[in-house]
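Trainee: I have this one open on my screen and would like to go through it with you. Could we take the sheet, then the helices, then a loop?

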Amino acid sequence: MPLSNSQYDSLQREYDSRRISAYHRVKNHKEELYKKEPEILKIDQSIASLSIKHAERLLEGDSSAIVSLKKSISELETKRSALMNNLGIDMSYIEPEFKCPDCRDTGFINGVRCHCFKQASIDLLYQQSELKSALSEENFEHFKYELFPDTPIDGKSPVTPYQAIKNGVIKCRSFIDSFDEKHGNLFIFGPTGVGKTFLSKCVAKELLDKGKSVIYFSAFRLFDVFRENAYNKSSDAQDSYQNIFNCDLLIIDDLGTEVSNSYTTAQLFLCINERILRHKSTVISTNLDLEGLRDTYTERIFSRISKDYDFIRLVGSDLRLKTRQA
Ligand SMILES: [Zn+2]
C-alpha cells in the first residue's frame, strides 16, 4: 500500500490551500478593520516601512539606528492594540490561524517533514479516518467506571473488573506520560468485551494529540500487510512497510484472531523485536492469556513480550452486552 506520488502531491496541495486560505482570512479581516478604523491602516503602513528600514540598518550594522527603529515600531504596535481594544477586537483576529502551528501548515520544519504531515500520510495510507472519528467517543474523558462491577467474578481471582480497569488506566497514563523517555510497551489481555480495545484507543488518542505518529491495526490487517510485503517489492511499498517499524506507536488490536503461518509469525517477531531495538513503542491487545500466547506463537515472541512489555490484565464479562441492554 504505497503512498503514490499523486497522493503525496494532493496532500501537499491540501496543505498549500489550507495555508493560503489562512492568509486570505487575515487579509479580509484586515480590510474590515481598516474600514472601521482608518488610523490602523496608517499605523500598519508606518510599521511596514520602518521594518524595511530596520532590515537595511541591520545589514549595515548600524546599531544605534536599530535601537531607535525598534522603539518606534513597538510604540506603533502599542498604539494599534489600544485602538483595537477600543473596537473590542483581539489581535488573533488579524493573525493567521493554522491547523498545525508548529509548521504553520507548510508541512515542513527547517526543511524536515513535520509530524503532522507524517501522520497525515499514515492516515491516508492506512485509511485511518475511521479511527479518528471513533476517537472522539473512545477516549479517557468518556470512560465509564460505573460499567465495571466491583465484585470478584470468580473464586479464583481476587481482583474485581473495576480494580483491574482502574489499574489498567493508571498503567496507560504512566505509559503516555513517560512515552518519550521510557519507550514502553503494553500487553493488554483479557476476555472479549472488557475494555481492551477501548483502552488502546484512549492511548492512541492521547498520543495523536501530542503529535506522535500512530498506526492502529487489527492483527488481521497487520498480517495482510506482512503478506503483501512479501509479494510487492516496489520501493514505494517498501517505504510504507517501513512505517510499521518507524511510527512512534504501533497498536496491534486483537492479536490471535488473524490467519497466521510460519512466514507471518516470523514477520511478527521481526516487527516486535525491531521496534524494541529502535526504541519505538507498541501496544498489543489480545484475548490470549500468557499460556495462549506461548502456544500460538514462537518461544522467541513469547520471551520478547514477557521481557519488554508491561502487562495489563482485564477481567469480567462482556460489557458490550451490558451497554446494549442498558
Ligand atoms: Zn505541522
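Mentor: Before we look at the strands, keep in mind that two strands pair if DSSP finds at least two bridges between them. Also bear in mind that this is a predicted model.

Trainee: OK, so which residue stands opposite Arg313 in strand 7?

Mentor: That is Phe189, which stands opposite Arg313. Strand 3, covering residues 186-189, and strand 7 pair in the parallel sense, and four bridges link them.

Trainee: And the sheet as a whole, what's the strand order?

Mentor: The sheet is open and is formed by five strands in the order 4-5-6-3-7, with parallel pairing. Its edge strands are strand 4 (214-218) and strand 7 (310-313), each of which pairs on one side only. From one strand to the next, the twist averages 15°.

Trainee: Which strands does helix 6 touch?

Mentor: Helix 6, residues 161-177, packs on the sheet and touches strand 3 and strand 7, and its direction makes about 150° with that of strand 7.

Trainee: Moving to helix against helix: at what angle do helix 9 and helix 11 pack?

Mentor: Helix 9 (residues 219-231) and helix 11 (residues 262-277) pack at about 105°, and their axes are 10 Å apart. Because angles of 65 to 115 degrees count as roughly perpendicular, helix 9 is described as roughly perpendicular to helix 11.

Trainee: Which residues make that contact?

Mentor: On the helix 9 side they are Phe223, Phe226, Arg227 and Ala230, while helix 11 contributes Tyr263, Thr264 and Gln267. By class, the residues of this contact divide into four nonpolar, two polar and one charged.

Trainee: Different topic: where is Lys280, and is it buried, exposed or partly exposed?

Mentor: Lys280 lies in the loop between helix 11 and strand 6 (281-286). Lys280 has 18 other C-beta atoms within 10 Å, so it is partly exposed, since a residue would need 20 or more to be called buried and 12 or fewer to be called exposed.

Trainee: What is Lys280 in contact with, sequence neighbours aside?

Mentor: If we leave out neighbours within four places in sequence, Lys280 is in contact with His183, Asn246, Asp248 and Arg275. Lys280 and Ile244 are 36 residues apart in sequence, and their C-alpha atoms are 10 Å apart in space.

Trainee: Last one, how is the chain divided into domains?

Mentor: The protein chain is divided into domain 1, residues 5-109, and domain 2, residues 127-325. The centres of domain 1 and domain 2, taken over C-alpha atoms, are separated by 45 Å.

Technical notes
Residues numbered from 1 in each chain as written. Predicted model: local features only at pLDDT ≥ 70, side-chain atom pairs only at ≥ 80, totals over all residues. Axes fitted to C-alpha atoms, helices over the stretch in contact; angles between N-to-C directions. Helix = DSSP H or I, 4+ residues; strand = E, 2+ residues; numbered from the N terminus. Parallel < 35°, antiparallel > 145°, perpendicular 65-115°, else oblique. Contact = placed C-beta atoms within 7 Å. Nonpolar A, V, L, I, M, F, W, Y, C, P; charged D, E, K, R; others polar. Domains from an automatic or database assignment.
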